[in-house]
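Here's a short set of exercises to work through with the model open in your viewer. Try each task before you read its solution.

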Amino acid sequence: MLAMDQGVVEEWLSEFKTLPDSAVSNYAATLRDKGALVPALYKVIRENYSDLLEPVCHQLFEFYRSGEPQLQRFTLQFLPELLWSLLSVSAARDPHTSGCIEALLLGIYNLEIVDKDGQSKVLSFTVPSLSKPSVYHEPSAIGSMALTEGALANHGLSRVVYSGPHLQRENFTAQNRFEVLTFLLLCYNAALSYMTSTSLQSLCQLSSRVCICGYPRQQIRRYKGISSRLTVTSEFLVQLITGIHYSLCNGEVEVGSKALDDVLYRAQLELFPEALLVGNAIKSSLHGAALKSNNKEGARSIQVEITPTSSRISRNAVTSLSIRGHRWKRHESQEVSVEIDAAQGGMAIPEISVTGVSGERMANGDSLRPRPESDALGSASEVSPDPRGHDSGTRSQEVRRQKSVRRMVENEGSGSASTGRSQY
């Protein structure tokens, strides 16, 4: 550790001890302006044999115990690095170098499991119902849900999952180690939007190292740290995946992708269904998505694909209403096409008479009254001047013309027969 970094840390340790309680809030706001402090503290935590490690851990615990949100978040940003220091030392079977780190982590854990009055907290989580839309899904996109009696009975009901009360811990054991670490990661994930880019990178590195150490993938990643395998739990991996998901969506694409692959690799080896389910779901949701790889200082968020809220009823469904609507649309389109043709041709479409004369009509279109030859000839000569008329109108005109010609022939035949009889 450089002398300059050591001087920055020593100055930070001394100034908080002489700080009055009324100035804690103002002091917390000035911590973000000290750019050299955070890298120096990371170096202290990574050096397990540093003389400054114990006072630094004590100072971080005082920050968290103060109750000031900004000071608590300042401590939480070092949590991934503290967890890796603890796990690596435990794997090396050298517990004497991690006593101050264990005390810090246990202190944060015991503070978080109780409320301000000292009573045990019971955390509640509401599981979203698939029948109601959320930012993650649309019920219509899932498909038709059977309206059974059980489904109707559970419609609108929210399932609430409770966590706690948690027991206080005085030391780490093989049985409670990952129970405490999982809860600490839960507290870290609750403040992910306040974490710095360095902290998110440290979380991804922690995830990869924990999952690949002692396995063949360690040689692929070329990590030369500890080579012994670390025991993990499914709940611990799920909390890691939650932080990795946020890191992927907020600038840490490269290290986040490697970390997610490493966690899924370990989950497959251990056959952890919860971690596999969550990890594969996140990997599928991010497939082909445009992740923000350059904007690390912008607004913090998690990208989700929101389906449109429009109706998803199939347009090919044949119902009585759709048939009537199709007929109306067809008639309207025909009327509109006629008006357009008339407007483009610049002439009006004449009204074509069906019978050519007034009077009652038979079923076949013939009139009950006799029609003069002039009317028949006139009706036969009626042709629409618009060559772009409908085919139905052309066929009706041809039928009327043939009928008119037939009547003319019949009238001429009857007239010549009557003249021959009179001459005879």
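**Exercise 1. Count the helices and strands of the protein chain, then find what share of its residues is buried.**

Solution. Start with the secondary structure: this predicted model has 18 helices and 2 strands in the protein chain. Next comes burial, where 32% of the 424 residues count as buried. Finally, look at contacts with a separation of 6 or more: 72% of them in the protein chain come from residues 24 or more positions apart.

**Exercise 2. Work out how α1 and α4 are oriented to each other, and which residues make the contact.**

Solution. Step one is to locate the pair: α1 covers residues 3-17 and α4 covers residues 53-65. Their axes lie 11 Å apart, at an angle of about 45 degrees. Step two is to classify that angle. Roughly parallel needs an angle under 35 degrees, and roughly perpendicular runs from 65 to 115, so α1 and α4 come out as oblique to each other. Step three is the handedness: the crossing of α1 past α4 is left-handed. Step four is the contact itself. On the α1 side you'll find V9, W12, L13 and F16, while α4 brings in P55, V56, Q59, L60, E62 and F63. Sort the residues of this contact by type and you get 8 nonpolar, 1 polar and 1 charged.

**Exercise 3. Decide how many disulfides there are, and check C57 and C211.**

Solution. Remember what you're looking for: a disulfide is a covalent bond between the sulfur atoms of two cysteines. The cut-off here is a sulfur pair within 2.5 Å, and the count by that rule is 0 disulfides. Take C57 as a check: its nearest cysteine sulfur belongs to C100 and sits 4.0 Å away, and C57 is in no disulfide. With a relative accessibility of 3%, C57 counts as buried. Now C211: the closest cysteine sulfur is in C213, and because the distance is 9.3 Å, it's too far for a bond. C211 is buried too, at a relative accessible area of 0%.

**Exercise 4. Find where L271 sits, and say whether L271 is buried or exposed.**

Solution. First, place the residue: L271 is in the loop between α14 (253-270) and α15 (273-285). Second, check the backbone. Phi of L271 is near 60 degrees, which is a positive value in a residue other than glycine. Third, apply the burial rule. Exposed means over 50% relative accessible area, and L271 has 66%, so L271 is exposed.

How values were computed
Residues are numbered from 1 along each chain as its sequence is written. This is a predicted model: local features need pLDDT of at least 70, side-chain atom pairs count only at pLDDT 80 or more; totals for chains, interfaces and linings use all residues. Side-chain values use heavy atoms; hydrogens and water are left out. Axes are lines fitted to C-alpha atoms, for helices over the stretch in contact, and angles run from 0 to 180 degrees between N-to-C directions. Helices (H or I, at least four residues) and strands (E, at least two) are DSSP runs, numbered from the N terminus. Angles under 35 degrees count as roughly parallel, over 145 as roughly antiparallel, 65 to 115 as roughly perpendicular and the rest as oblique. A crossing is left-handed if the near helix is turned anticlockwise from the far one by less than a right angle, and right-handed if clockwise. Contact means heavy atoms within 4.5 Å. Ala, Val, Leu, Ile, Met, Phe, Trp, Tyr, Cys and Pro count as nonpolar, Asp, Glu, Lys and Arg as charged, and the others, Gly among them, as polar. Buried means under 20% relative accessible area, exposed over 50%, partly exposed in between (1.4 Å probe, protein chains only).
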